[in-house]
Amino acid sequence: MSLVDADNLVKQFGRYLKLERGLSSNTIEAYLSDVEKLVGFIQAEDLDWRAVTGEDLHRFVCTLQDLGIGARSQARIISGIKSFFNFLRLEKWIEQDPSELIETPKLGMKLPDVLTVEEVDAMVNSIDLMAPEGQRNRAIIETLYGCGLRVSELVGLRISDLYFPDGYIMVEGKGGKQRLVPISESAITEIHSYMDDRANITVKRGNENILFLNRRGSQLSRVMVFYIVKQACEQCGIKKKVSPHTLRHTFATH
């Protein structure tokens, strides 16, 4: 969503709430504030707002949870978002309302687990570096957390997209769109160590530029990354429900 489009639509939405819905000034102000949070998320994720999906909105709600916003405030924000998309549909800006299946959280509902810095360190340190894929797995966890990557972005990361002297990497996200992401010093260190191990792998044709490989020299699967994260949690005794997406949320929270 361009800034001009976003500002224009939000203003039109405000007029709709006042003239068509007859809402109070305080309620309208709250709704517009909630919609601006969504606009910021859409711009940060580099999404096409006309093609926002229910999954995108679910990730937006997860972001609210990670920021520590309570269930009552989440419910109000979701209500505002639903009203906004209903407005867009009525005005023919979109054909389908992606917010229809977004559920309002129950009050008092426990927020999803987010890891502490100590727990992330424990995951990294629990990995046995004497194991054949130990250094690779350590680099994977550091990269997921240190860069806030999606699993799809991690498994598709290319060696040619690493710009360590400048402190960033290039990742390819949804729709093939590329963006620059800062990378932590610890992640750089672990990747450098992994590259020594990677040099001993017989790489399958077509995977020469892929950073993280399986033992057969091919690109890692998403399922394998989930397994690596789960195994690290079990090894250090973390009881929280953790997935690669948890590390992404933890990165955003920290």
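A cavity here is a set of grid points where a 1.4 Å probe fits but cannot get out, and its lining residues are those with an atom within 4 Å of a point. Keep that in mind for the opening view, and remember that everything shown comes from a predicted model.

**View 1. A small count: one cavity inside the model.** By the rule used, there is one cavity of 30 Å³ or more. The largest cavity has a volume of about 40 Å³. Why can a hollow like this be picked out? Rolling a probe the size of a water molecule over the atoms shows where empty space is left.

**View 2. Who lines the largest cavity.** Look for L57, F60, V61, I78, I81, S99 and I102, which line the largest cavity. Two elements each give two or more residues to this lining: α3 (54–66) and α4 (71–90). Which of them gives the largest share of the lining? That's α3, with three residues. As for chemistry, the lining divides into six nonpolar residues, one polar residue and no charged ones.

**View 3. Helices α6 and α9 crossing.** Here you're looking at helix α6 (residues 134–147) and helix α9 (residues 222–235), whose axes come within 10 Å and cross at roughly 95 degrees. Angles of 65 to 115 degrees count as roughly perpendicular, so α6 and α9 are roughly perpendicular to each other. On the α6 side, R136, N137, I140, I141 and L144 make the contact, while α9 brings in V225, I228, V229 and A232. Sort those residues by class and you get seven nonpolar, one polar and one charged.

**View 4. N207, in a loop.** Find N207 in the loop between α8 (185–198) and α9. Is N207 buried or exposed? Its relative accessible area is 12%, and anything under 20% is called buried, so N207 is buried. Skip the neighbours within four places in sequence, and N207 is in contact with R198, L213, G217, S218 and Q219.

**View 5. D34, in helix α2.** This close-up goes to D34, which sits in helix α2 (residues 25–44). How much of D34 is accessible? The relative accessibility is 0%, so D34 counts as buried. Again skipping the neighbours within four places in sequence, D34 is in contact with R76, I77 and I81. You've met I81 already: I81 is one of the residues lining the largest cavity in View 2.

Conventions:
Residues numbered from 1 in each chain as written. Predicted model: local features only at pLDDT ≥ 70, side-chain atom pairs only at ≥ 80, totals over all residues. Heavy atoms only, no water. 1 Å grid on protein atoms, 1.4 Å probe; cavity = no way out; pocket = protein on both sides within 12 Å on 5 of 7 lines; lining within 4 Å. Points joined across faces, edges and corners; volume = space filled by probe spheres on them. Helix = DSSP H or I, 4+ residues; strand = E, 2+ residues; numbered from the N terminus. Nonpolar A, V, L, I, M, F, W, Y, C, P; charged D, E, K, R; others polar. Axes fitted to C-alpha atoms, helices over the stretch in contact; angles between N-to-C directions. Parallel < 35°, antiparallel > 145°, perpendicular 65-115°, else oblique. Contact = heavy atoms within 4.5 Å. Buried < 20%, exposed > 50% of the residue type's maximum accessible area, 1.4 Å probe, protein only.
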